[in-house]
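Me: I have a model open and want a quick tour. Can you walk me through what was computed?

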There are 2 protein chains.
Amino acid sequence: MKYSRQRELIYKAVVDNPIHPTAEMVYNILKKENPQLSLGTVYRNLQQLSERGELIRLSFPDKPDRYDGHTGRHYHGLCSRCGEVTDIFVDYFEDIDKIVERETGLKVASHNALFSIICPRCADSLA
Amino acid sequence: MKYSRQRELIYKAVVDNPIHPTAEMVYNILKKENPQLSLGTVYRNLQQLSERGELIRLSFPDKPDRYDGHTGRHYHGLCSRCGEVTDIFVDYFEDIDKIVERETGLKVASHNALFSIICPRCADSLA
DNA sequence: CCAGTAATAGTAACGATTACTACTTCTAAA
DNA sequence: TTTAGAAGTAGTAATCGTTACTATTACTGG
């Protein structure tokens, strides 16, 4: 894989923006300073980086995919009001992989979890 | 919501097929006996049923959405070899919602989990 | 500094899904 | 039961997110 300035920018845009941006968001963030950037380049690099495990790609029904720069095992929260995606850093629940293995007989490599939450901003606006 | 024969068929196709079919799969299953069925009708009803909580809609990167007729809390396994989706029925891990609430301060309603597994068929073919 | 390979910009194409429209089917009340 | 009106359907067009293509540009090893 050859170095490219664009890939560097795209990667940093995801890592530096904890909002879990979509491809379009990355494009909009970067095009201000890099007006020649192509949306296809953003998509291509996000895909490559995800394949290589340098980014994580998240899918939700009826919404564009989002990308996460944290590659360590962690969970996510999805605000059921505003749709915001947040990282949830708690210790990985090792046990539950073993429980599932024991109870189902399947070989379990890992799991990921999505918590349905109310984010602080939405919680406030409700109060 | 008014009764329709098509909706009934679509709902049953999902509930009766534990493969977590895609919209296209549902269409193909049903069109044999119901050649007049329209793909748009399948999509529209799957969406309505998901919105009403009678089906669950699952999204994965780069794959069409899948639908699950089990609406009770449960988990899913995704075979990392063949991509097959399976239900995983183990007791809901109530504790982890509380742990996340305690550690993050967020209001947690529930979670779902996706286990990365090797399905029995793939495990066999490797042996 | 140059050759060769990989990456890009720009645009076209694609697949999954939703929207639209004229026609059909439920259903509730007369 | 008939019938009016609302909701649903079939068939097709349109949309959106994403990937593919192509001519040009930018890395990098020798």
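What follows is a short chat about the fold, the pairing of the chains, the core and the DNA contacts.

Me: What kind of model is it, and which cut-offs apply?
Reply: This is a predicted model; local features need pLDDT of at least 70, side-chain atom pairs count only at pLDDT 80 or more, and totals for chains, interfaces and linings use all residues. Residues are numbered from 1 along each chain as its sequence is written, chains are lettered from A and ligands numbered from 1 in the order in which they are written, and side-chain values use heavy atoms, with hydrogens and water left out.

Me: Start with chain A. How many helices and strands?
Reply: Five helices and five strands. Helices (H or I, at least four residues) and strands (E, at least two) are DSSP runs, numbered from the N terminus. The order along the sequence is α-α-α-β-β-β-β-α-β-α.

Me: What box do the C-alpha atoms of chain A fill?
Reply: Roughly 55 × 45 × 25 Å, taken along the principal axes.

Me: And how much of chain A is buried?
Reply: 42% of its 127 residues. Buried means under 20% relative accessible area, exposed means over 50%, and partly exposed lies in between (1.4 Å probe, protein chains only).

Me: What share of the contacts in chain A is between residues 24 or more positions apart?
Reply: 46%, counting contacts with a separation of 6 or more. Contact means heavy atoms within 4.5 Å.

Me: Now the pair. How does chain A lay on chain B?
Reply: With an RMSD of 0.1 Å, by a turn of 180 degrees and a shift of 0.0 Å along the axis. The two copies are thus related as by a two-fold rotation axis. Ala113(A) has the C-alpha nearest that axis in chain A, 2.1 Å away. The superposition is by least squares on the C-alpha atoms of residues with pLDDT of at least 70 in both copies.

Me: Through which surface do the copies meet?
Reply: Through the same surface, because 100% of the interface residues of chain A are also interface residues in chain B.

Me: What about the largest nonpolar core?
Reply: That core has 24 residues. A nonpolar core is a set of buried Ala, Val, Leu, Ile, Met, Phe, Trp, Tyr and Cys residues joined through side-chain atoms within 4.5 Å. The residues with the most contacts inside the core are Tyr75, Ile88 and Phe115 of chain A, and Tyr75, Ile88 and Phe115 of chain B. Helix 4 (94–104) and strand 5 (107–118), in chain A and in chain B, are the elements that give two or more residues to this core.

Me: Zoom in on Phe115(B). What is in contact with it, beyond four places in sequence?
Reply: From chain A, the partners include Ile96(A), Val100(A), Val108(A) and His111(A). From chain B, they include Tyr75(B), Leu78(B) and Ile88(B).

Me: Switching to His74(B). Buried or exposed?
Reply: His74(B) counts as buried, because its relative accessibility is 8%. It is in the loop between strand 2 (63–68) and strand 3 (75–79) of chain B.

Me: Which side chains make polar contacts with the side chain of His74(B)?
Reply: Asp68(B) does, at 2.8 Å. Asp87(B) does too, at 2.7 Å. A polar contact is a pair of N or O atoms within 3.5 Å; within protein, one must be able to donate a hydrogen and the other to accept it, and residues adjacent in sequence count only if both atoms are side-chain atoms.

Me: On to the DNA. How many residues surround strand C?
Reply: 19 residues surround DNA strand C, and the closest include Ser4(A), Arg44(A) and Tyr43(B). A residue is near a strand if one of its heavy atoms lies within 4 Å of it. Helix 3 of chain A gives the most to this surface, three residues.

Me: Which side chains sit by a phosphate oxygen of strand C?
Reply: Thr41(A) is one of them, with an N or O atom at 2.5 Å. Tyr43(B) has one at 2.8 Å. Lys2(B) instead has a polar side-chain atom 3.4 Å from a base oxygen of the strand.

Me: And strand D? How many residues surround it?
Reply: 19 residues surround DNA strand D, with Lys2(B) and Gln6(B) among the closest. Of the strand's atoms within 4 Å of the protein, 70% belong to sugar or phosphate and the rest to bases. Gln47(A) places a polar side-chain atom 2.9 Å from a phosphate oxygen of DNA strand D. A backbone N or O atom of Gln36(B) lies 3.2 Å from a phosphate oxygen of DNA strand D.
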